[in-house]
There are 2 protein chains.
Amino acid sequence: METLKVDLGPRSYSIHIGSGVLERVDLLLPHLAQPKVALITNETVAPLLLAACARRLREAACQVVEIILPDGERFKNWQTLDQIFNALIAHSCERDTTLIALGGGVIGDMAGFAAACFQRGAPFIQIPTTLLAQVDSSVGGKTAINHALGKNMIGAFHQPRLVLIDPDSLRSLPERELRAGLAEVIKYGLIRDLPFLEWLERNIEKLLAKDPAALLWAIHRSCRDKAEIVAADERERGERALLNLGHTFGHAIEAGQGFGQWLHGEAVAAGTMMACELSRRLGWLDAGEVDRIQALFERAALPVRGPRLDPDRFIELMWRDKKVRNNRLRLVLLERIGQAAVREEAPLADIREVIASRS
Amino acid sequence: METLKVDLGPRSYSIHIGSGVLERVDLLLPHLAQPKVALITNETVAPLLLAACARRLREAACQVVEIILPDGERFKNWQTLDQIFNALIAHSCERDTTLIALGGGVIGDMAGFAAACFQRGAPFIQIPTTLLAQVDSSVGGKTAINHALGKNMIGAFHQPRLVLIDPDSLRSLPERELRAGLAEVIKYGLIRDLPFLEWLERNIEKLLAKDPAALLWAIHRSCRDKAEIVAADERERGERALLNLGHTFGHAIEAGQGFGQWLHGEAVAAGTMMACELSRRLGWLDAGEVDRIQALFERAALPVRGPRLDPDRFIELMWRDKKVRNNRLRLVLLERIGQAAVREEAPLADIREVIASRS
């Protein structure tokens, strides 16, 4: 087991990564404020992992409330969040009851936001079970639900007390979900970690084949990158925004298609290629570099262009994303491979042409 | 104009209190992150104050989005909160757009919670227009909505950037609302400020008659008490809990009757008398002291007993309040007049008898 630390003063926490950590209830217990937990998962994960997880907690004398939500991004909304609140109240959960997210990014975002709001703030723990959640969304305390008009529009910064990552839980992960997670892994290489990108170019097929050593390394390196960024900029006032490479384009794809049609990672892959194309138009990347990035996404069988969406609608959705300041869209672009920057100067005409050429 | 400071390090802010501060847009402007605001009020306050307030902001070159919600505690729920989000998104509000609450406690709680969640946290400003909001709810950063099963069950700590209190706005306040606000004023005297309680005993009729000097003093002293408590204990880990005198009983009254039947302050008055009666049973207050407190509430024409509610249901609702830890109810009781304490040892039988005798 490897342990990383997210260094946030009084809100610091550990990320334990390793085969079998899901069974290590001893890692959890010191972080519970009371021996009562709400274990929040979805209908897909429940039959695979819930019973064993709940049993181990009960054997450790915990009272466990099980909350099973429908699966999918289209359920990441207020109605589903209210199911969590109803269950917490019906089972007399208290402000000190720990909410545990057992699932992918949607479960982590919703359980985390429920914890942020329940009785004005309850503790929570992340046990991510998809690659995307293990390399990205479980670390850093961003929680949210979607609004019909925008992705992650309503949420909170609420750090977990602990993140437990067991790569063994990826064995049952569908291939499409695995690929979607790789989009966020590649992102770290593109924005700040050229050696990691080069490693990915050598090992992407191993990851697709779920090679345990390769997965462990990719998860560890991704979490290390994320933990460093979050520790430096918890509230996204600066560097943390770089993690949004491809996300403003991607969120428009997700919202425009209807949440859940494209997986988040798929939308991020296509959105990242749009950001690369825009970076090329602004003179930072050359065509060869764009091709190099595209080749890696293609090897991961990820989309390198968006769906057909009306460009006006696409741009309207982008402007509704959370990255607008004083009506100027702040986009993460690549100055070169391995170095991203937030830029405001991309002309609207160029953004429009990129959307058109990449849809 | 008097200015108090809520001392919370990087989240510190000023409370300006004085006749005419509502017109002082110059007090607001330095706290806006961008010249765009969402002015959130309700159908009752809007015809009285909204147009002038919006005009002054527009004259100062601000872009103003007006959001008018239905009036009343029964609308303090997710559906109404979603109206705020819909309007914010429809009008392209950004993470730096300041939400301004113009109204009573319900508006302040909802606008504040919307600000806490919108794009994971937007700035907000409180302009309370009821006595209850001016002396209590606008200060301290507690924001929330109700859940069908519990008062303020879903919320956040989110401090305002500024609180502007204009006692002139109380001129149009209905008498019932004025009295409800006095319940929270009396509370400060009971829990920590005996000289203030004695002042209230001498001046309660002046307050009921809306004597400007008396109101100004009562608001100032209440805000000073609140600011001191919040500065010492922002997240209610200790002393701040004393502000909940009568509130666990009161929240059960509000939820049990259906939100909005009793005003919050009315429920707090009856709940405070229940807490006093329980304090007497535990040997802290004597009968004369309970009578003295009751006499003050009666002079303010506030209820000193609760509505008829099934005691089992009443107790169930109390246990759903946010004050339970390890299944033990933590009640604020009076050790003597002017000194409160959080106690866990009240026997259930005594709580039940107090409810029965005071309903």
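Helices, for the purposes of these legends, are DSSP runs (H or I) of at least four residues, numbered from the N terminus, and the model shown is a predicted one.

**View 1. The end of helix H9 in chain B.** Just after H9(B), Gly258(B) adopts a positive phi of about 95°. The helix that precedes this glycine spans residues 247-257 of chain B and is mostly covered, with 10 of its 11 residues buried.

**View 2. The surroundings of H9(B).** The buried residues of the helix include His247(B), Phe249(B), His251(B), Ile253(B) and Glu254(B). Among the elements that cover the buried residues of H9(B) are strand E8 (150-157), helix H10 (264-281), helix H12 (311-319) and strand E12, which belong to chain B.

**View 3. The hairpin of E12(B) and E13(B).** Strand E12 (residues 331-336) of chain B, which also takes part in covering H9(B), runs antiparallel to strand E13 (residues 339-343) of chain B, and five bridges join the two. Leu331(B) stands opposite Arg343(B) of E13(B), while two residues lie between the strands, and Gly338(B) in this hairpin takes a positive phi near 100°.

**View 4. The axis relating chains A and B.** Chain A is superposed on chain B by a rotation of 180° with 0.0 Å of shift along the axis, at an RMSD of 0.0 Å, which is the relation of a two-fold axis. The same surface serves both copies, in that 100% of the contact residues of chain A recur in chain B. Of the residues of chain A, Trp78(A) comes closest to the rotation axis, its C-alpha lying at 4.1 Å.

Methods:
Residues are numbered from 1 along each chain as its sequence is written. Chains are lettered from A and ligands numbered from 1 in the order in which they are written. This is a predicted model: local features need pLDDT of at least 70, side-chain atom pairs count only at pLDDT 80 or more; totals for chains, interfaces and linings use all residues. Two strands pair if DSSP finds at least two bridges between them. Copies are superposed by least squares on the C-alpha atoms of residues with pLDDT of at least 70 in both. Two residues are in contact if their C-beta atoms, placed from the backbone, lie within 7 Å. A residue is buried if 20 or more other C-beta atoms lie within 10 Å of its own, exposed if 12 or fewer, and partly exposed in between; C-beta atoms are placed from the backbone.
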